[in-house]
Amino acid sequence: IENLQNRSKQINRLKPSILFTSIALIIIIFFTTTNLFSEKTNEKYFATEQQNADFVEKNFQENQHTQQLPIIPVNNQNEINGNVWVNVITKEMLLQVKGLEQVTNQDHQLWIIYKDDTFDYEILPIVNGETKIFIEDINVEEFKLLKASIEPKGGSRNQTGREIFFVDF
C-alpha cells in the first residue's frame with residue numbers, strides 16, 4: 001500500500017509537466033500548420049499578381065495607340081536587345097531589355113530626355129541581365145530620346161558613366 005501511495009504521489013507530481021508538454025506540442029503543431037497554409041496562400045497571391053501584370057502588359061502592348069520602338073545598343077559587341085512601348089493617349093511606357101551586363105557597385109540608369117532638353121531619370125532594376133519597367137502618367141508625346149548608362153551605385157543626377165543603349169524618338 002505504501003508503494004502505491006508513493007507511485008500516486010510521483011504521478012501527481014508529473015501531471016503539471018505532462019500538461020505543460022502537451023500544451024507546448026499543440027501550440028507548435030498549430031503554428032507549423034498555419035505557416036504552411038499561409039506560405040501556400042502567398043504563393044497563390046504572387047502567382048495571381050504576376051498573371052495580372054502579364055495581362056496588363058499584353059493589353060498595353062496590343063493597344064492600337066501603343067507604339068513599339070527597338071532598343072539600339074551603343075556598342076555592337078553587346079548582345080543587348082529589347083523594345084520600348086509607348087502610348088501617348090494613356091501616357092504610359094513599358095521598357096524591356098535583355099542582355100545587360102551585371103555590374104558591381106554600379107547601377108544601370110535610364111535617362112528620359114524631353115524635346116525641351118529637360119530630363120528625368122530612373123534606376124533600372126536588373127535581374128539576370130534583364131530589366132522591365134512600366135511607367136504611368138508620363139508625357140510620352142514630349143519624348144526626344146531614351147538612353148541608359150552605367151552610373152555609380154544609387155545613380156547620378158547627371159550622366160557620368162558610359163552609355164549602353166538608346167531609343168531615338
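**Entry 1: Gln-109**

I began with the side chain of Gln-109, which reaches the backbone oxygen of Ser-156 at 2.7 Å. The model I am reading is a predicted one, and I keep that in mind for each entry. I found Gln-109 in strand E5. Is Gln-109 buried or exposed? Its relative accessibility is 0%, so Gln-109 counts as buried; the cut-off for that word is under 20%.

I then listed what surrounds Gln-109. Leaving aside neighbours within four places in sequence, Gln-109 is in contact with Tyr-121, Glu-122, Ile-123 and Leu-124, among others. The list of contacts also includes Lys-147, Ala-148, Ser-149 and Glu-151. Gly-155 and Ser-156 are on it too.

**Entry 2: strand E5 and its partners**

Next I looked at the strand that holds Gln-109. E5 is mostly covered, with 8 of its 9 residues buried. I noted two pairings for E5. With E8, E5 runs antiparallel and is joined by 9 bridges. One place to see this is Ile-113, which stands opposite Leu-145 in E8.

With strand E6, residues 119–124, E5 is also antiparallel, here over 6 bridges. I located Trp-111 and found Tyr-121 of E6 opposite. What do E5 and E6 form together? They form a hairpin, with 4 residues between the two strands. In that turn, Asp-117 has a positive phi of about 65 degrees.

**Entry 3: the whole protein**

I stepped back to count elements. The protein has 1 helix and 9 strands. Read from the N terminus, the helix comes at the start and the strands follow. Of the 169 residues, 27% are buried. The exposed area is about 12,100 Å², and carbon and sulfur atoms supply 53% of it.

I also checked how far apart in sequence the contacting residues are. Taking contacts between residues at least 6 apart in sequence, 59% join residues at least 24 apart.

**Entry 4: a four-stranded sheet**

Which strands form the open sheet, and in what order? I traced 4 strands in the order E1-E3-E4-E7, with antiparallel pairing. Strand E1 (66–70) and strand E7 (130–136) stand at the edges. Each has a single partner strand, so one side of each is left without a neighbour in the sheet. On average, and ignoring direction, neighbouring strands of this sheet are turned by 10 degrees against each other.

I followed the pairs in turn. E1 and strand E3, residues 81–87, pair in the antiparallel sense over 5 bridges. Within this pair, Leu-69 has Val-84 of E3 as its bridge partner, and Gln-68 has Trp-85.

On to the pair of E3 and E4, which is antiparallel over 7 bridges. Asn-87 stands opposite Glu-92 in E4. E3 and E4 form a hairpin with 4 residues between them. Lys-91 lies in that turn and has a positive phi of about 55 degrees.

Why is E3 largely enclosed by the rest of the structure? I counted it as enclosed because 5 of its 7 residues are buried.

**Entry 5: the nonpolar core**

I looked up the largest nonpolar core, which holds 24 residues. Met-93, Leu-95, Ile-112, Phe-143 and Phe-165 touch the most other members. E3, strand E4 (92–98), strand E5 (106–114), E7, strand E8 (143–152) and strand E9 (163–168) each supply at least two residues of this core. The largest share comes from E8, with 4 residues.

I picked Phe-165 from the core for a fuller list. Not counting residues up to four places away in sequence, Phe-165 touches Ile-71, Ile-72, Pro-73, Val-74 and Ile-80, among others. Its contacts also include Leu-95, Val-97, Leu-100 and Leu-124. Leu-146, Lys-147 and Ala-148 belong to the list as well.

**Entry 6: Glu-141**

Last, I looked at a loop residue. Where does Glu-141 lie? It is in the loop between E7 and E8. With 47% relative accessibility, Glu-141 counts as partly exposed. Not counting residues up to four places away in sequence, Glu-141 touches Val-88 and Lys-115. I also noted the C-alpha atoms of Glu-141 and Val-86: they are separated by 8.9 Å, and the two residues are 55 apart along the chain.

Terms used: Residues numbered from 1 in each chain as written. Predicted model: local features only at pLDDT ≥ 70, side-chain atom pairs only at ≥ 80, totals over all residues. Heavy atoms only, no water. Pairing = 2+ DSSP bridges. Axes fitted to C-alpha atoms, helices over the stretch in contact; angles between N-to-C directions. Core = buried A, V, L, I, M, F, W, Y, C linked by side-chain atoms within 4.5 Å. Buried < 20%, exposed > 50% of the residue type's maximum accessible area, 1.4 Å probe, protein only. Contact = heavy atoms within 4.5 Å. Polar contact = N/O pair within 3.5 Å; in protein donor to acceptor, adjacent residues only side chain to side chain. Areas by Shrake-Rupley, 256 points an atom, 1.4 Å probe, with all protein chains shown as cover.
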